[in-house]
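Got your viewer open and your mouse ready? Let's take a walk through this protein together, one selection at a time.

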Amino acid sequence: MTRVVLLLAVVALLAGCSTTAGDDPGAPPSPSPVAAPAAAPGIGAGVDALIRTAEKGPEGGSVWRSVIQAPHRQVDRDVGAAGIAAGLLAVADGAPDPGVRDRALDTARDAADFLLVAQRGPGRFPDYVDPDGPAGYAYSSYDDGAAGIADLLWQVGERTGDGRYRDVALDAADWLLERAEDVPGAPPCPVMCRWAWSDDGEPSYRNGMGEGQAGIVYTLSVLAERTGDRRLAEHAAGGGAYLLAQQGPDGGMPERADQPARNTGFLSGAAGAAFTFLRLYRGTGEQRWRDGAERALDFLDRTAVPAADGSTWPIWVDPSGTPGNPRRATGMEEGAAGIGWVSLQAAAILDDERHRERAEAAGRWLLAVGRPLADGTAWPEFEGSPTTHLSTNSGAAGTGWYLDTLGRVTGEDSYRDAARAAQRALVSTMRPDGTWPSNLTDGAPRLLGEPSWHWGSAGILGFLARMAGGPVDSPGMQPPLVPLE
């Protein structure tokens, strides 16, 4: 693979970072002083590459073509404009160079401008908007549709002071409320509510943080707190009630209503459900949400597999507890990093060291299975996989991000060292044009130039900004529920 020659001292690559949390555990992390520009290799070039590869949207703003979803111009948090904007906001909050911060914020705003005109009806965002027309369907979920776009637009509105973005964020929330469904045999919504993933075709009811119920409930809860809108709070509670009803007696969470298998991860399973229950508990103090989170986390303890002086998890198990997919994933999406990151928050919110112990067990295993890459370390998609991702969802950026946070919480240098090794690997694998491959498979770079948060440059840049001293801790795209320092 072509590697970038960097005129930087090795000591700069090893420079650490720190943030300071306020005394109130419910307060958001306070921005901390950023490191010197020399500690931030790759960020400026990566931002400039995103600016250079942006296209003018058919009706305005800036949009990108995902290599993974080519040739479409996606709107979403997964591979589309909203996710790229999220990465640029992280850079705008954390890059040491003021010029880079300004360019990142301007480009995030351009992406948000594309989203404003991408609507087809208030708050309805088609999956993509191409020059020859939009998709005929729209999604409700955090990664794919209205929930995640609403959250992103609100953040852009806060950063820019432009009320248009917050107005459209609330339009997207209203669209979600309009699409909320009653659950057969249960009290009518908003006492219990569910959402179909798409507004087209046979309904699919998914439970996950990324593609389903948990992510919608999380977003409605956050927006309710920001706005004081009781309707949003009621629907968040109704959606949470449906998640509790979906949770098995073992505490496991099926990925979909029509599938009994229990997923373990953040994207689609127990870790993501626990995160949402913790969010509801933080917002309301209601015991039922704490109980739901505890059951989901206990399920993760029962399904953990001891390995390399730590723990790992099968991606999913059947109702009897037998692994249906025995692969032990490393990343934020469906692996140990995501489970560990949620566990750190559970330890702080529930005041229970068992959850911190789980997080450290995940970290010890990740240290053991790291794979040398260029000048640093990356992780296989799952133990023994020929594929090494560089991205936030399943790769070096997201796993490194988690290990950096784990090191801050525990004070253990081994975790921070591994995060710096991930930083070095990503700096070394940047291509001369300022982009990255999404992954290396058997050592060969694949999916060159992917711009997105989950699979490409935007998420990698967010991680590099964090390692340069930035305040944003968001390896799964959602920020932590409490400061993790």
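Here is a tour of some helices, sheets, rings and a disulfide, and keep in mind that the model is predicted.

**Stop 1: helix α5**

Select residues 146-160. That's helix α5, with 15 residues, and it reaches 21 Å from its first C-alpha to its last, close to the 21 Å expected at 1.5 Å a residue. Now turn on the surroundings. Of those 15 residues, 11 are buried, so the rest of the structure largely encloses α5. Want to colour the buried ones? Pick A146, A147, G148, I149, A150, D151, L152, L153, W154, V156 and G157.

Which helices help to cover the buried residues of α5? Show α3 (81-94), α4 (98-118), α6 (163-179) and α7 (213-227), which are included in that cover. Before you leave, click on G161, just after α5: its phi is positive, about 75 degrees.

**Stop 2: the disulfide**

Next, select C189 and C193 and show their side chains. These two form a disulfide, with 2.1 Å between their sulfur atoms. If that word is new to you, a disulfide is a covalent bond between the sulfur atoms of two cysteines. How many disulfides does a search of the whole structure find? Just 1.

Rotate the view until you can look along the S-S bond. The torsion about that bond, between C189 and C193, is about 90 degrees, so this disulfide is right-handed. Both ends are tucked away, too: C189 is buried, and C193 is buried as well.

**Stop 3: a four-stranded sheet**

Now for some strands. Strands of a sheet pair through backbone hydrogen bonds, either parallel or antiparallel. Look for the open sheet of 4 strands in the order β5-β6-β9-β10, where the pairing is antiparallel. At its edges stand β5 (253-254) and β10 (323-328), each with a single partner strand, so one side of each has no neighbour in the sheet.

Zoom in on the β5 end. β5 and β6 run antiparallel and are joined by 2 bridges. To see one facing pair, select M253 and N263: M253 stands opposite N263 in β6.

**Stop 4: the aromatic cluster**

Time for some rings. Select Y142, Y218, F266, F275 and W341, which form one aromatic cluster. The structure as a whole holds 11 aromatic pairs.

Start with F266 and F275. Their ring centres are 5.5 Å apart and their planes are at 80 degrees, so this pair is edge-to-face. Are F266 and F275 buried or exposed? Both are buried.

Now swing over to W341. F266 also makes an aromatic pair with W341, again edge-to-face, with 5.9 Å from centre to centre and 85 degrees between the planes. Trace the chain around these two: F266 lies in the loop between β6 (262-263) and α9 (270-284), while W341 is in helix α11 (residues 336-350), so the pair ties together parts that are 75 residues apart in sequence. Both F266 and W341 are buried.

**Stop 5: a five-stranded sheet**

Move along the chain to another open sheet. This one has 5 strands in the order β11-β12-β13-β14-β15, with antiparallel pairing. Its edge strands are β11 (371-373) and β15 (444-448), and each pairs on one side only. Tip the sheet and look across the strands: the twist averages 40 degrees from one strand to the next.

Look at both ends in turn. At one of them, β11 and strand β12 (residues 376-380) run antiparallel and are joined by 3 bridges. Here L373 stands opposite G376 in β12.

At the other, strand β14 (residues 437-441) pairs with β15 in the antiparallel sense over 4 bridges. Click on N439 and you'll find R446 in β15 opposite. β14 and β15 form a hairpin with 2 residues between them, and D442 in the turn has a positive phi of about 50 degrees.

**Stop 6: helix α13**

Last selection: residues 396-410, helix α13. What does α13 lie across? β12 and β13 (387-389), and it runs at about 110 degrees to β12. α13 has 15 residues and reaches 20 Å from its first C-alpha to its last, close to the 21 Å expected at 1.5 Å a residue.

Fade the rest in and watch α13 disappear from view: 14 of its 15 residues are buried, so the rest of the structure largely encloses it. Finish on G411, just after α13, where phi is positive at about 75 degrees.

Key
Residues numbered from 1 in each chain as written. Predicted model: local features only at pLDDT ≥ 70, side-chain atom pairs only at ≥ 80, totals over all residues. Heavy atoms only, no water. Expected span 1.5 Å × (residues − 1). Buried < 20%, exposed > 50% of the residue type's maximum accessible area, 1.4 Å probe, protein only. Disulfide = S-S within 2.5 Å. Pairing = 2+ DSSP bridges. Axes fitted to C-alpha atoms, helices over the stretch in contact; angles between N-to-C directions. Contact = heavy atoms within 4.5 Å. Phe/Tyr/Trp six-rings, centres within 6.5 Å; stacked < 30°, edge-to-face > 60°.
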